[in-house]
Amino acid sequence: MNLIELRGIQKYYGDYHALRGIDLDIAEGEFFSLLGPSGCGKTTLLRVVAGFEDVSSGSVMISNKDMTGVSPNKRPTNMVFQSYAIFPHLSVAQNVAFGLRKRSDLNAQARMTLVEDALDMVGLDGYGARAANALSGGQRQRVALARALVLRPKVLLLDEPLSALDKKMREQMQVELIRLQRQVGITFILVTHDQEEALVMSDRIAVMFDGEVAQIAEAEDLYRKPVSRRVAEFIGTMNFLPATVAGEKVEVAGLGHMELSDTQSMATTDGDTMAGFRPETATLLFPGQKTEGRIASGTVSEVVYYGDMTYYDVTLDGCERPVRISMRNVFGRPVLDIGAPARLAWSPGAVTLFARA
Amino acid sequence: MQQETKRGLGLIAPPFFYAVLLMAGPLLAIVVFSFWTQDYLTVDRTPTIANYVEAFGDPIYRAIMGRTLWISGLVTLITVLLAFPVAYFVSFHVDPSRKSLWLFLITIPFWTSYLLRIFLWKVILGYNGVLNSILSYINVPLEAVGNATGILWMQEGLSAPLYSASAVVLTLSHAFAPFAILPIFVALEKIDRSLLEAARDLGETAVTAFIRVTLPLAAPGIVAALLIVFIPTVGDYVTPAQVGGPGGLMIANMIQTQFLGLNNAPMGATLAVIAMLIVTVIALATVWLARRLSGVR
């Protein structure tokens, strides 16, 4: 059953068309991410769901109730703000209890128990009496989470919640958020510009560009089967090579020819298009190494060592721009000088042909 | 570090000597004077608290002190109550690029001398003034309105609001409005707007969010405004002298009378010290109360 149904959401700011007809269904208990570059409308869409932005047209349904035009305080949604929006004049416990004031069915004792449970859940047990403005960034975020979750909303909205944290803390919080979401079973909608964060955390991801949804898919499908070149470029790294389709035959610059049916193809007509493959789907061969797969040859133009990985930029014969190949350094790595000839093994199954733009 | 300290002391020295010379020195003299007494033409330098006993015992001083606090309190209340909506409007509803223009417009009254503004109020409030002319032109039954509302100058029918405590309150409230608007505006500007959205998100209406978030966070600015208006108005001397009449005289006028008119500097000094102490107590109480109320730690 769909908990949230967005239909034909349009949003104008004066002449600026921020949301251009968004249709979206989000299931109950789902961890859903809105992913896109800044200015793509993802935060606006989240604020539409929260009720902070009116829509110019379209409808917002939450648990089969029309919420279009309903003010935020009357919606079964709660939000974790990018700035966390912790009330500086209140203690941690008062912050968490802020929304419980409306719950007239609770006495002071029950309220306190709920607050303590919520703080416990986010790992801040014993912090209740502290002043909110004496907390670190990570702790503030946890307070914001507890403050929203203590109300048991149907939907928790997270607006770039991890962007203000340092890398280590961010990775730790990603895992904690997943654990928390499984524990409480509430639908989470996460807004992020970080594709890695979206891939790690979400059940499904909607990629947005220019106020439109470009693709909705599970993380693995999104990575393996991007529907457009733009999505492919935004999610991870992809090498692009010019290609020509003629009937069942495909000719890719630098790689050679292949059967159309062997590739992941979105090209519907004959003619010039773009082929793409991920850096990890091709292998750079050690000198003298044999392989069953197909081989393309070129020249090494750059080697970047990352410890666990090495990136090789290889300019394939007949191409101008290099492609990037990533290799895990399991049994050492091919030591190649810049300018040395290189051979790489690849398979047509890893090649995606994009529809012409 | 040593060098830093020296530089710091060097920088602070001129204002420090200036402050000692022109603030602490005279203040000390006033305090010392207040324990002396006037003996016709000479000052009796035997330390005594006779002046204080008289100041607290004499009903005239008590009445004037009481009226001073009443007028200042009323001015403070009116000014801050009127200033808050202005500050709120500029902070929350004016386009950010036009805010400085608005603040600039608010300070325009300062372009004219304070005395000129007092005389303007005289023109407005006088017997043949603007206000009375308008009221009589549109045939407002002054006595009836006065009886109904309890406004004294109207009850007396033929008189005017000039030369009364009301005139002092009106003139001072107008004069101090920008002083109250600015600190409240600054406090409102500092409020992170996402806090208000968070309050809405957590179930508050626009009104309850204002009460639970905006008001407590604006409290430092409101307290600053209260004190900025209250402290100088208690000691104001020009306004009551010009528009107050006998019923609008304040403690500063009495102090002036003691020093110059009655040639009783020790008594004037005593009244000045008492006024200062009362202001100090009220100011501290206000700060303490605001901290308690807004929960700032």
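**Entry 1: where the domains meet**

I started inside chain A and found eight residues of domain 1 of chain A in contact with nine residues of domain 2 of chain A. A reminder to myself: this is a predicted model, and I read everything below in that light.

I then looked up the bounds. The domain assignment of chain A puts domain 1 at 2-229 and domain 2 at 237-354. I also took the separation of the two: their C-alpha centres are 39 Å apart.

Next I asked how much area the two domains bury. Domain 1 of chain A and domain 2 of chain A bury about 720 Å² between them, and 52% of that lies on carbon and sulfur atoms. I wanted names as well, and three came up: A:Y223, A:P226 and A:R229 provide 75% of what domain 1 of chain A buries against domain 2 of chain A, more than any other three residues.

Helix α7 (residues 219-224) of chain A gives the largest share of the domain 1 side, with three residues. By class, I noted four nonpolar, one polar and three charged residues on that side.

I searched this interface for salt bridges and the rule found zero. Polar contacts did turn up there, in two residue pairs, both at pLDDT 80 or more.

**Entry 2: where the chains meet**

I moved on to chain B. How many residues of chain A are in contact with chain B? I got 25 residues of chain A, against 20 residues of chain B.

The area buried between chain A and chain B came out at about 2000 Å², with carbon and sulfur atoms giving 56% of it. Here too I looked for the leading trio: A:N73, A:H89 and A:F98 supply 34% of the area that chain A buries against chain B, more than any other three residues.

I ran the salt-bridge search again, and across the interface of chain A and chain B the rule finds two. I pulled up a pair that joins the chains: B:E197 forms a salt bridge with A:R47, and their closest N and O atoms are 2.6 Å apart. Ten residue pairs are in polar contact across this interface, counted with both residues at pLDDT 80 or more.

Which element gives the largest share of the side of chain A that touches chain B? I found strand β6 (residues 77-80) of chain A, with three residues. My last look was at the classes on that side of chain A, and I jotted down twelve nonpolar, nine polar and four charged residues.

Technical notes
Residues are numbered from 1 along each chain as its sequence is written. Chains are lettered from A and ligands numbered from 1 in the order in which they are written. This is a predicted model: local features need pLDDT of at least 70, side-chain atom pairs count only at pLDDT 80 or more; totals for chains, interfaces and linings use all residues. Side-chain values use heavy atoms; hydrogens and water are left out. Domain bounds come from an automatic or database domain assignment. Contact means heavy atoms within 4.5 Å. Buried area is the accessible area (1.4 Å probe) that two parts lose on being put together, summed over both. A salt bridge is a side-chain nitrogen of Lys or Arg within 4 Å of a carboxyl oxygen of Asp or Glu. A polar contact is a pair of N or O atoms within 3.5 Å; within protein, one must be able to donate a hydrogen and the other to accept it, and residues adjacent in sequence count only if both atoms are side-chain atoms. Helices (H or I, at least four residues) and strands (E, at least two) are DSSP runs, numbered from the N terminus. Ala, Val, Leu, Ile, Met, Phe, Trp, Tyr, Cys and Pro count as nonpolar, Asp, Glu, Lys and Arg as charged, and the others, Gly among them, as polar.
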